[in-house]
Structure formats: structure tokens, C-alpha cells
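The following exercises ask you to read burial, packing and ionic pairing from a structure, with a worked solution after each task.

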Amino acid sequence: MSYSAEISRRNPTAFVFLLDQSGSMAEEFGGTPGITKAQGAAKAINSMINEIIFRCTKDEGVRDYFEIAVIGYGPGGHAKSMLKGIQKFAKVSWLAEHPLRVVEEKPGVKVAIWFEPVADDGTPMCEALRLAYEWLSEWVQNHPNSYPPMVFNITDGQATDGDPEPLAEKIKELATNDGNVLMHNCHISEVKAEPVLFPSSVEELPPDEYAHKLFRMSSELPENVLALAMKEFKSVKKGSRGFAFNADLTSLIKFLDIGTRPAREAIR
């Protein structure tokens, strides 16, 4: 499969961000004192949405090259859309016009926020993956010629509602004419330790069965993403997957950037 389709208003692509909002996300982000994992993950996704809108902004306004869904899972043991007023996917132009609020990140620099950090209850990852599968099944049916959607699951712990691996496999089987849906998983941590980004085998990971499961749940990088990752990381090679283990905030932001950049650069 080629992953080479042009992204246009006629044939957009989609990003689905799955965000663990369980109680353990209230712990500090490893290597980033003073910021919780919930705050860091929310900041990274909100920043990515701002970047996507910037890439879609032309003289006449914001063009709808992308559709975005954000699914939070944790509070109340459930998963749901984190975009206020949106049940599934939001067009980029809608997001540009409907931020939750706008903050001054530093003097003279304002950024939009679409959802706030949350940390409560368990980790219903399976429910989040089921929602993603349901939404994406409909999406690929309605956009058969589009660049394949990308899913980014950001978590700090094990699912508390079953085995997520079969559901991730179902998501990866969904496809447009240009390729299968790409599934990325990012394990974030409260410990300050060297992250492992885009491994090609479980041998590159610690002897942690859950890390191995998230690795298996992740898609192998297509050629265009692989080429970008190789420029950033010497360890990346053919067979590397869209997985990060023990990521700190800097690694999370870089992981999202590399995973989404080929799509952002394919717009016409």
C-alpha cells in the first residue's frame, strides 16, 4: 500500500487522538518537573491541533484538509469525545472557529485550547478503541480515495476493561484505497529514563509484557514516515513501528510530529 494520495478538500484525511485520562495521569511527567502527565498530554495534542490549523490556513481562510477526533478515556470508566459539541470528527475549519478558550502561552503568543487535562478513575482503553473503530469504519467507507487515517493512543498504564490488542488489530485492518489505517501507541511515564522511540522488535524494549503488547498493537511505519524517523533517530530501521515507550514530554511531542508530518506535508 502506497500512502501517497494527495490530501485535498475533496479527499481529506483524519487524525484520531486517544487519550488516557485515568487517575495515574495526575502523576508528574518524567523529566518535566511541575507538569503532570495529563497536562503534558493535553498540551501536546492541543499544540498539534494548532499546528494542523496553521498548515491548513490560506489567504481565503482555513481549508478542510483534515478531520480530527479526540477520545478521552478514564472518568466514570467510559470513553467519549473531548471536543465540546462534537460527537465524532470535527473539520479543521470548525476547530479554528470553536476553541474552548485562547491563552497567552508567552508574551505576544496566543494559542487555542480545545480540551482541558483530566485525571480520574480507571483505564477503559478497550472502550476507546471500540469507539475509534466504529467512527473510522464509517469514515473510510465515506472517503475511499483518501490518505489513510492515523490513530495516536497516548497512555501511561494497562487497560482495565479487557485486552486491547484484538481491537487494535481490527482498527489496523480498516483501509482506504491508499492503505490501511495507521495505529500508533505512546507509553508515557513518571520516571526519568531514556525513552525508546520507533523500535523494530521487542528485543529493543525492557522485559515488560505490556510494553510488548503496545508494540504489537502498533503499525509498521510506511516508507514516507520511516524516512522522516530515520533522519531524527539513528536507531530507526526498516520494520520500525509507530510506538514509543517511556516517553517524556519532549519525546511525546516529537513522536506526534513525526507521525503526522507526512500527512501535513501532503496537502494540496
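A residue is called buried when its relative accessible area is under 20%, exposed when that area is over 50%, and partly exposed in between. The model used in these exercises is a predicted one.

**Exercise 1.** Classify Lys-213 and its salt-bridge partner Asp-163 by accessibility, and state which parts of the chain the pair joins.

*Solution.* Begin with the lysine: Lys-213 has a relative accessible area of 15%, and therefore counts as buried. Turn next to the aspartate, where a relative accessible area of 42% makes Asp-163 partly exposed. The side chains of these two residues form a salt bridge with an N to O distance of 2.9 Å. Because Lys-213 belongs to helix H5 while Asp-163 sits in the loop between strand S11 (150-155) and helix H4 (165-173), the pair ties together parts that are 50 residues apart in sequence.

**Exercise 2.** Analyse the salt bridge between Glu-51 and Arg-264 in the same manner, and place the pair in its network.

*Solution.* The side chains of Glu-51 and Arg-264 meet at 3.4 Å, N to O. Glu-51 is in helix H1 (residues 37-56) and Arg-264 is in helix H7, so the bridge ties together parts that lie 213 residues apart in sequence. As for accessibility, Glu-51 is partly exposed because its value is 29%, whereas Arg-264, at 4%, counts as buried. Finally, both residues belong to a network of salt bridges that also includes Glu-232, Lys-254, Asp-257 and Arg-261.

**Exercise 3.** Determine which residues of helix H6 (residues 223-232) are buried, how they are arranged about the axis, and what they pack against.

*Solution.* The buried residues of H6 are Val-225, Leu-226, Leu-228 and Ala-229. Viewed down the helix axis, these residues fall within an arc of 165°, so they line one face of H6. On the other side of the helix, Glu-223 and Lys-231 are exposed. The buried residues of H6 pack against H7.

**Exercise 4.** Describe the surroundings of Ala-263.

*Solution.* First locate the residue: Ala-263 is part of helix H7 (residues 249-265). Its relative accessibility is 0%, and so Ala-263 counts as buried. When neighbours within four places in sequence are set aside, the contacts of Ala-263 are with Ile-7, Thr-13, Phe-15, Phe-66, Tyr-147 and Met-150. In addition, the C-alpha atoms of Ala-263 and Glu-6 are separated by 8.7 Å, although these residues are 257 residues apart along the chain.

Notes. Residues numbered from 1 in each chain as written. Predicted model: local features only at pLDDT ≥ 70, side-chain atom pairs only at ≥ 80, totals over all residues. Heavy atoms only, no water. Helix = DSSP H or I, 4+ residues; strand = E, 2+ residues; numbered from the N terminus. Buried < 20%, exposed > 50% of the residue type's maximum accessible area, 1.4 Å probe, protein only. Contact = heavy atoms within 4.5 Å. Arc of directions from axis to C-beta. Salt bridge = Lys/Arg side-chain N within 4 Å of Asp/Glu carboxyl O.
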